[in-house]
Amino acid sequence: MNDGRMKSVSVVIVTWNSAIHIGGCITSVIDASEEVLGPLDIVVVDNKSSDDTLQVVESEFSDVRRVQTHRNMGFGAAANIGISQATGDAVLVLNPDATLESGALGAMLCHLRDDSGLGCVAPMQRGPAGSTIFPGRRFPSLLAAMADGTIIQRFLPDMTALRRYYMVGEHSSEPEWLIGACLCFRRDALVTIGGFDVGYEMYSEELDLLQALALTGWRCAVTTDAHIFHQGSASADQDPVAREQRFFRSRYRYVAKTWGMPAAVFLRVFVATTGVLRCGEQLLRMCRPSQRKSAVSEIRQIVAVTTWQWFGWRR
């Protein structure tokens with residue numbers, strides 16, 4: 001890096017009951033500081049955790065800035081607090097259950113340095129099962145937005161709209177947006193759009209942000225020689241019902257912003273209807289003694305989410 005750009009990095013980590021993972025995450029960032037020519041600073045924004053997340057940070061990483069919100073504000077709003085304090089040429093937004101592998105941060109900074117049109121890059125992801133995940137996506141069509149995460153995807157996983165959305169067989173092409181376990185932004189790009197839309201509590205916030213970046217002329221890319229390990233859904237899995245509600249609430253917001261409120265209403269009614277079908281499927285599973293316990297658990301979750309889908313339009 002000899003052109004004066006991407007010399008400093010600000011790292012933003014949003015936590016919620018992340019005490020188990022936050023130590024490994026911060027340690028990996030500190031270890032990567034030697035890959036940065038200038039200063040590297042870290043801010044942890046905690047969404048009112050009920051565990052020892054902030055105590056772990058305070059006791060083990062006293063140089064890390066800590067901000068605690070007065071309530072769980074959701075990822076986007078909390079990330080914006082951290083971004084507002086960022087001073088680096090690059091801003092790395094990193095999940096607390098993710099760890100940087102050696103060379104990953106340096107590779108992403110070089111990628112941003114070498115292509116002035118890039119507003120954001122993301123590394124390849126390794127999961128607990130040993131699989132490697134390509135984080136690039138194309139912007140969804142309305143059909144893909146309706147199918148992803150619903151019963152349509154379950155029965156038609158290879159439909160053309162979903163294959164295009166997930167860039168199946170197109171990993172050598174440039175993506176349109178990136179899934180957000182680890183996103184390295186050019187700070188100048190973030191400044192142009194003002195950060196995340198705070199209306200997204202969790203899920204789709206990076207899709208919305210990178211679409212906004214694209215509309216202002218910035219591109220994104222995958223840094224294929226950079227890798228992170230990502231546990232995945234460590235915070236969201238603590239409450240499966242809330243996780244599913246947040247997923248669909250964010251999806252409806254994105255659909256309404258992109259295609260209008262009638263499309264979002266149609267999608268919500270469709271998903272609510274399929275919830276009834278999912279309950280019926282689990283009732284059939286209960287006929288098998290070996291599956292009865294898991295079926296009962298599934299029914300409770302489906303009923304809670306489906307009730308919200310039908311009657312919780314303002315929540």
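**Figure 1. Salt bridges across the predicted model.** Welcome to this predicted model, in which a search of the whole structure turns up 14 salt bridges. Side chains of opposite charge can pair when their charged atoms come close. The next three views each visit one such pair.

**Figure 2. D148 and R251 meet in a salt bridge.** Here the side chains of D148 and R251 come together at 2.8 Å, N to O. Which parts of the chain does this pair link? D148 sits in the loop between α5 and α6 (151-155), while R251 belongs to helix α10, and the two are 103 residues apart. Both D148 and R251 are buried.

**Figure 3. E174 pairs with R219.** In this close-up, the closest N and O atoms of the salt bridge are 2.9 Å apart. E174 lies in the loop between α7 and β9 (177-178) and R219 in strand β11 (residues 219-230), so the salt bridge ties together parts that are 45 residues apart in sequence. Are these two residues buried or exposed? E174 counts as partly exposed because its relative accessibility is 38%, and R219 is likewise partly exposed, at 30%.

**Figure 4. K257 and D197 belong to a network of salt bridges.** The side chains of K257 and D197 meet at 2.8 Å, N to O. This pair, too, links distant parts of the chain: K257 is in helix α10, and D197 is in the loop between α8 (187-193) and α9, 60 residues apart. K257 is partly exposed, with a relative accessibility of 46%, whereas D197 is buried, with a relative accessible area of 17%. Look around the pair as well: salt bridges that share partners join D197, D208, R253 and K257 into one network.

**Figure 5. Helix α10 and its surroundings.** Two of the salt-bridge residues shown above, R251 and K257, sit in this helix. Helix α10 runs over residues 240-259, which makes 20 residues. From its first C-alpha to its last, α10 reaches 28 Å, close to the 28 Å expected at 1.5 Å a residue. Its buried residues are A242, E244, Q245, R246, F247, F248, S250, R251, Y252, Y254 and V255. What do the buried residues of α10 pack against? Their partners are α5 (142-147), α7 (160-165), α9 (205-215), α11 (261-285) and α12 (292-311). Just after the helix comes G260, whose phi is positive, near 105°.

**Figure 6. A nonpolar patch on the surface.** This view gathers M261, V265, V269, V276, W310 and F311, which together have about 570 Å² of accessible area. The elements that give two or more residues to the patch are α11 and α12. Which element gives the most? That is α11, with 4 residues. V276 is a good landmark to look for, and it lies in helix α11.

**Figure 7. Cysteines without disulfides.** How many disulfides does a search of the whole structure find? The count is 0. For C120, the closest cysteine sulfur is that of C220, and the two sulfurs are 6.4 Å apart, too far for a bond. C120 counts as buried because its relative accessibility is 0%. C287 is in no disulfide either, and its nearest cysteine sulfur, in C279, is 15 Å away. C287 counts as exposed, at 60% relative accessibility.

Notes:
Residues numbered from 1 in each chain as written. Predicted model: local features only at pLDDT ≥ 70, side-chain atom pairs only at ≥ 80, totals over all residues. Heavy atoms only, no water. Expected span 1.5 Å × (residues − 1). Buried < 20%, exposed > 50% of the residue type's maximum accessible area, 1.4 Å probe, protein only. Contact = heavy atoms within 4.5 Å. Disulfide = S-S within 2.5 Å. Patch = residues over 30% accessible without salt bridge, like charges linked within 9 Å, V, L, I, M, F, W, Y side chains within 5 Å. Areas by Shrake-Rupley, 256 points an atom, 1.4 Å probe, with all protein chains shown as cover. Salt bridge = Lys/Arg side-chain N within 4 Å of Asp/Glu carboxyl O.
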